[in-house]
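Welcome, and please take a moment to turn the model around before reading on. We will walk through it together, beginning inside and working outward.

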Amino acid sequence: MTDKAVSFDDVDPKAIQQLFDKNPLEITDAELHAIIKFNRQERARFMAEESKGKKGRPASANIDYTQLDIEL
Amino acid sequence: MSESPYCTSVPKLQYAWDNTTLSMFKTCPRKYELAQLEGWISKHPALPLDFGIALHDGMEKLQRLLIEGRNRDEALVEAMRKAWTSAWNSSIKTSPENNRTIKTLLRTICWHADQYVSDGMETVRLDNGKAAVELSFRLELPLENPDGGAYLYCGHIDRLAVYQGAIFVVDYKHTARAVDTQYFAKYTPDGQMSGYTLAAKTVVPGKVQGCLVDAAQVGVTFSRFARGFANRSEGQLDEFLRDTIEWIKYAEHCARQQYWPMNTESCDKYGGCIFRQICSKDPAVRRTFLQAEFNQRVWNPLQSRGE
């Protein structure tokens, strides 16, 4: 398969999911870029949900390390 | 042929120790005898360990390429390919867990890179121009082994990075639980972080502040990140060094006696020791059960890592 054989302009989640069953030696750069794009979309969605409190983030999670009691 | 970590004059005594073997010995000398000296490992794949190795492979590749000047997405492509290859040859490929899969592995590398794209932390560049990632070290301890040389304390540092003018040993961790204050508390006191700090201070005297635990909580549908410091004072490092020497002296005693006692206080810790079912049987039949239920492998603290 060449890098141009698959287009992921719309980053179809089902198509991405199928990639994870492939041998990494057969994965093209285009497919990896598509996975990156997919992950960025997923991250943006997750962060939007977190900001609305939908994921139920624990109050103590995601601490900012600059707020810890440390000496730099 | 790889270098042996054992003494010639006392064959079951390690002169080269790392946190894995020393921690195992502290937990239970009998567990150390079975797992390290005899090499018994569970036949069931260690999914968390495999996931951690694949994640480290990807992160190491990413940092190496970034310091070479590659753009972030090009570096990410190569890092993901490296992690994927590592995962493909491990238990992750057929993972029974939903949160440790190839998909969550690649997502964690991607999200981590995007979250910390401009975190003000720079990987140390070594004199040879390469990134200071996956650095294998050997420290000579002030204690002579029976062969006449010094005992060694060995390990592998994930990354040395500069943050706000100080150098930190960055150690990647992943967990299924929340990466909160309670999670980071377990790294102080902690032998691995103390050992890393001691090693880094020896290599870069006066500039190393301590360790920075770069933790990822890997869930089924998300990866969440946090960083926590595990700093060590000079007094704490002196104490760690003295404690390490005392533990090694005890290991030498066990090796000379050819007897590694069972620490029954550890049998129930961390979900139960993998050898609990073996140790619960009569000593005369344990070997038969070991051969039936375990495989054997060799763990060598002197094995180097990195490219």
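Which element gives the most residues to the lining of the largest cavity? Keep that in mind as we look around, and note that what you see is a predicted model. The answer is β7(B), which supplies 3 residues to that lining.

Let us stay with this cavity for a while. The count of cavities of 30 Å³ or more comes to 1, and the space in the largest cavity is about 50 Å³. To find the place in your viewer, pick out the residues that line the largest cavity: B:Leu55, B:Met59, B:Thr108, B:His112, B:Tyr172, B:Lys173, B:Asp214, B:Ala215, B:Ala216 and B:Phe225. The elements of chain B that contribute two or more residues to this lining are the helices α3 (47–67) and α5 (102–115), together with the strands β6 (166–175) and β7 (208–218). By character, the lining residues divide into 6 nonpolar, 2 polar and 2 charged.

Now step back and take in chain B as a whole. Chain B contains 10 helices and 9 strands. Its radius of gyration is 20 Å, close to the 19 Å that the globule rule gives for 307 residues, so chain B is as compact as a globular protein of that length. If you line the C-alpha trace of chain B up along its principal axes, it spans about 60 × 45 × 40 Å. Of the 307 residues in chain B, 55% are buried. Among the contacts in chain B with a separation of 6 or more, 70% are between residues 24 or more positions apart. On the outside, the accessible surface of chain B comes to about 14300 Å², and carbon and sulfur atoms account for 50% of that.

Chain A deserves a look too. Here you will find 2 helices and 0 strands. Chain A has 72 residues, of which 31% count as buried. For its contacts with a separation of 6 or more, residues 24 or more positions apart account for 42%. The surface that chain A exposes is about 4800 Å², with 48% of it supplied by carbon and sulfur atoms.

With both chains in view, let us return to strand β7 of chain B, where B:Gln217 lies. Is this residue, B:Gln217, buried or exposed? With a relative accessible area of 8%, B:Gln217 falls under the 20% cut-off, so it counts as buried. Leaving aside neighbours within four places in sequence, the residues in contact with B:Gln217 are B:Thr175, B:Ala176, B:Arg177, B:Ala178, B:Val179, B:Phe222, B:Ser223 and B:Arg224. One of these partners, B:Ala178, is 39 residues apart from B:Gln217 along the chain, yet the two C-alpha atoms are separated by 6.0 Å.

Another residue to visit is B:Pro301, in the segment after β9 (294–296) of chain B. B:Pro301 is buried, with a relative accessible area of 4%. Which residues does B:Pro301 touch, not counting those up to four places away in sequence? They are B:Pro5, B:Gln14, B:Ala16, B:Trp17, B:Asp18, B:Thr21 and B:Cys154. As a guide to distance, B:Pro301 and B:Leu105 are 196 residues apart in sequence and 26 Å apart in space, C-alpha to C-alpha.

Finally, let us turn to the backbone. Most residues other than glycine have a negative phi, and most peptide bonds are trans. Where can you find a cis peptide bond? One joins B:Thr188 and B:Pro189, with omega at about -5°. B:Pro189 sits in the loop between α6 (181–185) and α7 (191–203) of chain B.

Two glutamines in chain B bring us to phi. B:Gln164 has a phi near 50°, a positive value in a residue other than glycine. You can find B:Gln164 in the loop between β5 (150–163) and β6 of chain B, where it is exposed, with a relative accessible area of 53%. B:Gln258 also has a positive phi, near 55°. This residue, B:Gln258, lies in the loop between α8 (234–257) and α9 (276–279) of chain B, and B:Gln258 is partly exposed, with a relative accessible area of 46%.

Conventions: Residues are numbered from 1 along each chain as its sequence is written. Chains are lettered from A and ligands numbered from 1 in the order in which they are written. This is a predicted model: local features need pLDDT of at least 70, side-chain atom pairs count only at pLDDT 80 or more; totals for chains, interfaces and linings use all residues. Side-chain values use heavy atoms; hydrogens and water are left out. On a 1 Å grid over the protein atoms alone, a cavity is a set of points where a 1.4 Å probe fits but cannot get out, and a pocket is an open set with protein on both sides within 12 Å along at least five of seven lines; lining residues have an atom within 4 Å of a point. Grid points are joined across faces, edges and corners, and a volume is the space filled by probe spheres set on the points. Helices (H or I, at least four residues) and strands (E, at least two) are DSSP runs, numbered from the N terminus. Ala, Val, Leu, Ile, Met, Phe, Trp, Tyr, Cys and Pro count as nonpolar, Asp, Glu, Lys and Arg as charged, and the others, Gly among them, as polar. The radius of gyration is taken over C-alpha atoms; the globule rule is 2.2 Å times the number of residues to the power 0.38. Buried means under 20% relative accessible area, exposed over 50%, partly exposed in between (1.4 Å probe, protein chains only). Contact means heavy atoms within 4.5 Å. Accessible areas come from the Shrake-Rupley method with a 1.4 Å probe; for residues, only the protein chains shown count as cover.
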